[in-house]
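Student: I would like to go through this structure step by step. Can we take it as short questions with reasoned replies?

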Amino acid sequence: MIRTTCRSLFALIVTAFLGVQAESASAQENFYKGKTIRLIVGLAPGGGFDAYSRVIARHIGKHIPGSPTTVVDNMPGAASLLAANYVYKVAKPDGLTIGNFVGGLSFQQMLGLPGVEFDAPKFEFLGVPAQDNFMIGVAKSTGITSVEQWKASGTVIKIGGVAPGGGTDDIPKVLKATLGLPLQLVSGYKGTGPVRLAFNAGEVQGACNSWESFKSTWRAEMDKGEVVLLVQGNLKPHPEVATSPWRSISPKATTPRK
């Protein structure tokens, strides 16, 4: 008798839960049907952030009741700080705006970065679309093929950056201070896309970028062997780049260089 009663109670709870879920889904469909979601990207077109944001925008509507349209709106500036401030202060909290900006800005808020106008814990975080594994790549034309050679030669290599708070700038600064790498950070580009254009134009000779971005948005440069990856800024080697963090590799290498 007790077991039967418990089963009946469980069935009622499940039925009630499913009813609430159905009602919620119906309400969401009514809200999102015919609407447009704006996905704000804090960096310029042509880089990794922009690339996977556009992939997300292409598919996310299929998984939201009502199948809303999604558009990408690039809002570059200060390593995506402008976009983060906009989402927090200006965008209406109506479920129609999603921000994609550098996650390190949350830490920069704790460090007192000037210009922060948001309180990171109050964002409604949806998730992390990609795991960044940062590496420094330099132009083959520099003749530099290893960190040891770079340090010994004293050759100053210009590294294109975006702004403090992101891996493009912070990691080269740390490596310069700790390893004594003779690099010059040229910051102020609006994303890794513009950094790539500057690299191809000869304005800079290197970049600190994620491996995920290198292998996708720098595909042509990688395939032609124009980029030599020297340093992995990770605690352990990336499985797709079989080398220790401080040894040089070629873009297509599967084993460390000797």
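**Strands, helices and side-chain contacts**

Tutor: We start with strand 1, which runs parallel to strand 3 (residues 97-100) and is joined to it by four bridges. Keep in mind that this is a predicted model.

Student: Which residue of strand 3 stands opposite leucine 39?

Tutor: Strand 1 covers residues 36-41, and strand 3 covers residues 97-100. The two run parallel. Opposite leucine 39 stands isoleucine 98.

Student: How many bridges pair strand 1 with strand 2?

Tutor: Strand 2 spans residues 69-74 and pairs with strand 1 in the parallel sense. One pairing sets isoleucine 37 against threonine 70. The number of bridges is six.

Student: Is the β-α-β unit of strand 1, helix 2 and strand 2 right-handed or left-handed?

Tutor: The helix in this unit is helix 2, residues 48-59. The test looks along strands pointing away from the viewer, and a clockwise path from the first strand over the helix to the second counts as right-handed. The unit is right-handed.

Student: Which helix does the chain pass through between strand 5 and strand 6?

Tutor: Strand 5 (residues 157-160) and strand 6 (residues 183-186) run parallel, joined by four bridges. Glycine 160 stands opposite valine 186 there. The crossover is right-handed, and the helix is helix 6, residues 167-179.

Student: What is the bridge partner of isoleucine 159 in strand 7?

Tutor: Strand 5 also runs parallel to strand 7 (residues 206-210), with two bridges between them. For isoleucine 159, the partner in strand 7 is glycine 206.

Student: Which residues of helix 7 are buried?

Tutor: Helix 7 covers residues 192-201. Buried here means under 20% relative accessible area. The buried residues are Thr192, Gly193, Val195, Arg196, Ala198 and Phe199.

Student: Which residue with a positive phi follows helix 7?

Tutor: Look just past the end of helix 7. The phi there is near 85 degrees. The residue is glycine 202.

Student: Why does the salt bridge of lysine 89 and glutamate 117 tie together parts 28 residues apart in sequence?

Tutor: The N to O distance is 3.1 Å, and the cut-off is 4 Å. Lysine 89 is exposed at 53% relative accessibility, while glutamate 117 is partly exposed at 43%. Lysine 89 lies in helix 3 (residues 81-89), but glutamate 117 is in the loop between helix 4 (105-110) and strand 4 (134-139), so the tied parts are 28 residues apart.

Student: How far apart are N and O in the salt bridge of aspartate 119 and lysine 122?

Tutor: Aspartate 119 is partly exposed, at 25% relative accessible area. Lysine 122 is exposed, at 58%. Their side chains meet with an N to O distance of 3.9 Å.

Student: Which helix holds both arginine 219 and aspartate 223?

Tutor: These two form a salt bridge, with the closest N and O atoms 3.1 Å apart. Arginine 219 is partly exposed at 35%, and aspartate 223 is partly exposed at 40%. They sit four residues apart, about one turn, in helix 9.

Student: How many salt bridges does the count come to?

Tutor: The pairs just described are among them. A nitrogen of Lys or Arg must lie within 4 Å of a carboxyl oxygen of Asp or Glu. The count comes to seven.

Student: What is the area of the nonpolar surface patch made by Phe107, Met110 and Leu111?

Tutor: Methionine 110 lies in helix 4. At 67% relative accessibility, methionine 110 is exposed. The patch has an area of about 380 Å².

Conventions. Residues numbered from 1 in each chain as written. Predicted model: local features only at pLDDT ≥ 70, side-chain atom pairs only at ≥ 80, totals over all residues. Heavy atoms only, no water. Buried < 20%, exposed > 50% of the residue type's maximum accessible area, 1.4 Å probe, protein only. Patch = residues over 30% accessible without salt bridge, like charges linked within 9 Å, V, L, I, M, F, W, Y side chains within 5 Å. Areas by Shrake-Rupley, 256 points an atom, 1.4 Å probe, with all protein chains shown as cover. Pairing = 2+ DSSP bridges.
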